[in-house]
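Biologist: I would like to learn how to read a protein model step by step, beginning with the whole and ending with single residues. Could you take me through one?

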Amino acid sequence: MSIGNTTFHIQLQEGRLRGVMCTSLTPHLCNGCGIGRACRVQDTLSPVTTKTYNALAVLQTCHVIYFETIAILYSQNTFVVWQSDCIEFMPRLFLPQRIDSIRLLRFTWTYLGDPPLQADHNIKDRRVRFRNTLWTMVWRNISRMAGLQDLRVTLRVSGIHWSSLPPENAAATIEPIKNITGPKIFQLIVPDDIGAEKAPWTKLPCVIKTVPSATQYSNPQL
Ligand SMILES: [Zn+2]
C-alpha cells in the first residue's frame, strides 16, 4: 500500500469528491489521465480506483493508523485538480486540517471568456460580478492553504481581451494572486500572448512560464 509520493487526480463527480490515483508513467506531467476530456476512460481505471479506495479502507479499519496516516496521505502526495469548483468550494469539500496538510498542488484552470476583472468596479452586469467572485474565491482559497509548499498553476485563457488588457485592468485582475506568498515553489504557466512577461504580471510572487497559446489546449501536458 502506497501512502506517499503518489499523484491523485481530485475531481467532483455528481456532487461528490473523488480521488483517482494517477496511472501515467509520467505523473509529474499528467494533468488528468482518464478524467474530464475522456470520462469513458474512467471505467477502465476502476481497478486503480478500487486500489485507491482499498488503501483508504485499510486506513479506516484502525482509527489509530487512520489518524496517523491520513495527515501523511495529504502532505506527502501530489494533488492534481482541473475543476475550479474543487478549489472554489474547497472549504466545504475538505476539513480545514486536511486543506492545511496539502503541500503539493497542481491546478489547471481553463478560464473561458474575457478577463474577470475590470478597473471599473461599478459593474452592473451580474454575470461579470459572478466571474469576479469565482476568480477571487479560487485565488483566495489557494492563498489560505497554510501548508502549501509547491504550487503549479496552469492558466488557460484566450481571447482578444486577455491579450489587450490595459495595465490598470491587468493589475486589478492579478491582484488576488499576490496573496499567495506561502509556497516555496509557485509556478504560473500562462499563454505567451497575454503580456505576462512584463508588469504588472512580473510583480507576482511566482515564476511565470509562458507557453505558446496555440498549444495550450492541444497539449494535455500543459
Ligand atoms: Zn494522471
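Modeller: We will go from the overall make-up to the sheet, then to the core, a helix and a few single residues.

Biologist: What should I keep in mind at the start, and how many helices and strands does the protein have?

Modeller: Keep in mind that this is a predicted model, and then take stock of the elements, which here are 10 helices and 7 strands. Of the 222 residues of the protein, 28% count as buried. Among contacts with a separation of 6 or more, those between residues 24 or more positions apart make up 71%.

Biologist: In what order do the strands of the sheet lie?

Modeller: To read a sheet, one follows it from one strand to its neighbour, and in this open sheet of 7 strands the order is β2-β1-β3-β4-β5-β6-β7, with mixed pairing. The edges are formed by β2 and β7 (207-211), each of which pairs on one side only. From one strand to the next, the twist averages 20 degrees.

Biologist: Which strand pairs run parallel, and which antiparallel?

Modeller: The bridges tell us: β3 and β4 run parallel and are joined by 4 bridges, β4 and β5 are also parallel, with 7 bridges between them, whereas β1 and β2 run antiparallel and are joined by 6 bridges. One can then look for the residues that face each other across a pair. V81 stands opposite F107 in β4, while L104 has D150 of β5 opposite it, and T108 has T154 in β5 as its bridge partner. In the antiparallel pair, I10 is bridged to G19 in β2.

Biologist: Is β4 mostly covered or mostly open?

Modeller: In a regular strand the side chains alternate between the two faces of the sheet. As for β4, the strand is mostly covered, since 5 of its 7 residues are buried.

Biologist: Which residues of the largest nonpolar core touch the most other members?

Modeller: A core is read by asking who belongs to it and who has the most partners inside it; this one has 39 residues, and those touching the most other members are V81, I87, L105, W139, I142, L151 and I180. Several elements give two or more residues to this core, including β3 (78-81), β4 (104-110), α7 (126-143) and β5 (150-156). The largest share, 4 residues, comes from α7. Because domain 1 (1-78) and domain 2 (83-222) both contribute residues, the core lies between them.

Biologist: What does I180 touch, if I leave out residues up to four places away in sequence?

Modeller: With those left out, I180 touches W139, I142, S143, L151, F186 and P205.

Biologist: How do I read a helix, and which residues are buried in α9?

Modeller: An α-helix has 3.6 residues a turn, so residues three or four places apart point the same way. In α9, the buried residues are A170, A172 and T173. Looking down the axis of α9, one finds these buried residues within an arc of 160 degrees, so they line one face of the helix. On the face of α9 turned away from that buried side are the exposed residues P167 and E168.

Biologist: Where does N5 lie, and is N5 buried or exposed?

Modeller: N5 is found in the segment before β1 (7-13), and N5 counts as exposed because there are 10 C-beta neighbours inside 10 Å. Distance along the chain and distance in space should be read separately: N5 and Q76 are 71 residues apart in sequence, yet 5.9 Å apart in space, C-alpha to C-alpha. Leaving out residues up to four places away in sequence, N5 touches Q76 and N77.

Biologist: Which details of the backbone deserve a look in the loops?

Modeller: One looks at the peptide bonds and at the phi angles. A cis peptide bond, with omega of about 5 degrees, joins A199 and P200, and P200 lies in the loop between β6 and β7. At E14, which is not a glycine, phi is positive, at about 50 degrees. This residue sits in the turn of a hairpin formed by β1 and β2, with 2 residues between the strands. E14 is exposed, because 5 other C-beta atoms lie within 10 Å.

Key. Residues numbered from 1 in each chain as written. Predicted model: local features only at pLDDT ≥ 70, side-chain atom pairs only at ≥ 80, totals over all residues. Core = buried A, V, L, I, M, F, W, Y, C linked by C-beta atoms within 7 Å. Buried ≥ 20, exposed ≤ 12 C-beta atoms within 10 Å, placed from the backbone. Domains from an automatic or database assignment. Contact = placed C-beta atoms within 7 Å. Pairing = 2+ DSSP bridges. Axes fitted to C-alpha atoms, helices over the stretch in contact; angles between N-to-C directions. Arc of directions from axis to C-beta.
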